[in-house]
Amino acid sequence: MTKKTTLVLMLICTFQMFGQDKESDSEFNKWSKELSLSFESNSQWYLNDSKFGDFNEEEHLRTTNFLRMDYNISNDFSAGLQMESYAPENLLNNSKLYDKDLGLATYYLRYRTTKIDITLGYFYEQFGGGLVLRAWEDRALGINTALRGARLIYTPTKDIKITTLYAKQRKGFDVSEGTIFGVDTVIDLFNTFNLSTASSLLFGLSYVGKNEDYQYTENDISMEIPELVNAFSIRMDYHNKNFYTNIEYITKSKDLRINNISPLSDVSFSENKTFEGSALSWTTGFSKRGFGISYNFRRLENMRWFSERALSYVNDNPTNQLSINYLPGLVKQHDYTLANIYLYQSQPGLFIEPYDPPLIKAGEIGQFVDIFYNIKKESFLGGKYGTKLNLNMSYWASLEYDYSDPNGIPFFVSDDLSYETEFLNFKNKLFSDINLEVRKKWNRKLSSIFTYINFFYDKSYLESKANGSKVRAWIGVAESTYKFSKGKSVRMELQHLSTNDDARNWMGGTIEYFFNSKFGIYVNDSFNYEESKIDQDTKIHFFNIGGSYAKGASRVALNYGRQRGGLLCVGGICRPVSQNTGITLNFTAAF
């Protein structure tokens, strides 16, 4: 099937599904009661731009298309599959592993009763907080780490759950060379021993193993290359009406060798030294009517983990394909464009930069605090409708270490390098974000949001610039929404970013108008109005104009504009995107 034929078929399917009238199609209703369908299409037409230059790649039109079908065969059996198309080519900056015009991506057969749950084929799974294992899909990031194999979930009582699995990980339209197997056990201790009915204490144990044959071409019998890598997790999760806390600790056996990077060689691995990994995560919080506070602490060391070692180096795998675990950046996910210029993504890996002395990146340590408070109605500050406050703070640092390298010379690292880290040391600051959000409803039609953000960003470390650059900046945002009758509304937003260090000053704004609850249009722009001290010709308007229309479970959106280069993050997981100009069409439907 040619690329053009595939694209035409997908577009026909799109319009047919969007126009489907389930009420009038009685034949469809007979069997659709047990069938669920969903379709998603994301297409971009990349254009030449006077500021960015010509789009020099061969294919200007790029699309990703997903058709998912799930069918309930009986009360106990279900099956499903997902078809995917990337014709004529995958979206810009997405992984090249997805190179098929049209193909069967995932499929499964599932048997489920009150005590037994068996899945054969592809499935998604998470143990604990995901630090030891998470198989998941995010189409916006172009990542799918589904497992193909077998999973058994056994629930002997309502308070005990045991999950076992054996699988290989999805690798585009194929699977990984490495094999993943594991077991996870969760027990509710309070309910099991009738200690409390008002609270819960969950105890969890997890084991995940990854086996991968590894062939090294050099004739060196002293190399230490573990084919089997093991990870163990232990966790406790307690909560009652107002208070919750959970803690999880992971240890990972010797796995990823430190990257041997020098100006004279490509990326390779040190085969004489292997290093263990670990993770510690603690979350606690309290909430009651009108007030809530949560606190997160996390320490990661050498926790980048992939079903194939060759994808462990971040520069060779920017979209995190074949990642076994889930390591999001624990910072606030801002909705505003200027607040997403300097984004922090977690630093869990182990590798070095070839400086003198070498810079060892072994992991991260930090904390995240979120506080909510509602000022009461009819009070002096609350007014007639009350006022909502949200204070958020995050701080992240690289691990402090001592190293030794008996054979190393300046700008070269030998295979005998070793290091040790300090367990609790926050002094190597990488990123901080302190922000305050105030939500105020003035009357039944008008409401506003005011946001102030102050942050620090170590650009030299986080972007491997090797120039010592650090960014200190603040952002102010004012946003108001006015609601008319019959679903009409208008939203206006103004933003300003100020820094004396990097990109200087930015202005941004958005105007959004909804004609009704189904149809809306918008215009926004971000402009670096003061020339950067570092980069020249940065005065570019990153404008976008578009709209969306929704009908039931179907939605179509169209956009034209410029994409600013940098990081795209969803849920704390990021991938790099390059600046471009084009037209974007998104369509989703579910039945």
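A nonpolar surface patch is formed by Y71, I73, F77, L109, I118, L120, L152 and Y154, with a combined accessible area of about 680 Å² (Shrake-Rupley method, 1.4 Å probe; for residues, only the protein chains shown count as cover). Patch members have over 30% relative accessible area and no salt bridge, with nonpolar side chains joined within 5 Å; a salt bridge is a side-chain nitrogen of Lys or Arg within 4 Å of a carboxyl oxygen of Asp or Glu. The model is predicted, with local features requiring pLDDT of at least 70 and side-chain atom pairs pLDDT 80 or more, while totals for chains, interfaces and linings use all residues. Residues are numbered from 1 along each chain as its sequence is written, and side-chain values use heavy atoms, without hydrogens and water.

Strands β5 (116-123) and β10 (147-157) each supply at least two residues of the patch; strands are DSSP runs of E, at least two residues long, numbered from the N terminus. L120 lies in β5 and counts as partly exposed because its relative accessibility is 45% (buried is under 20%, exposed over 50%, partly exposed in between; 1.4 Å probe, protein chains only).

Turning to Q495, this residue sits in strand β29 (residues 489-499) and is buried, at 2% relative accessible area. The side chain of Q495 makes a polar contact of 3.3 Å with that of T337 and reaches the backbone nitrogen of L338 at 3.1 Å. Beyond four places in sequence, residues touching Q495 include Y336, A339, G476 and W506.

Across the chain, buried residues make up 48% of the 591 residues.

Conventions
Helix = DSSP H or I, 4+ residues; strand = E, 2+ residues; numbered from the N terminus. Polar contact = N/O pair within 3.5 Å; in protein donor to acceptor, adjacent residues only side chain to side chain. Contact = heavy atoms within 4.5 Å. Patch = residues over 30% accessible without salt bridge, like charges linked within 9 Å, V, L, I, M, F, W, Y side chains within 5 Å.
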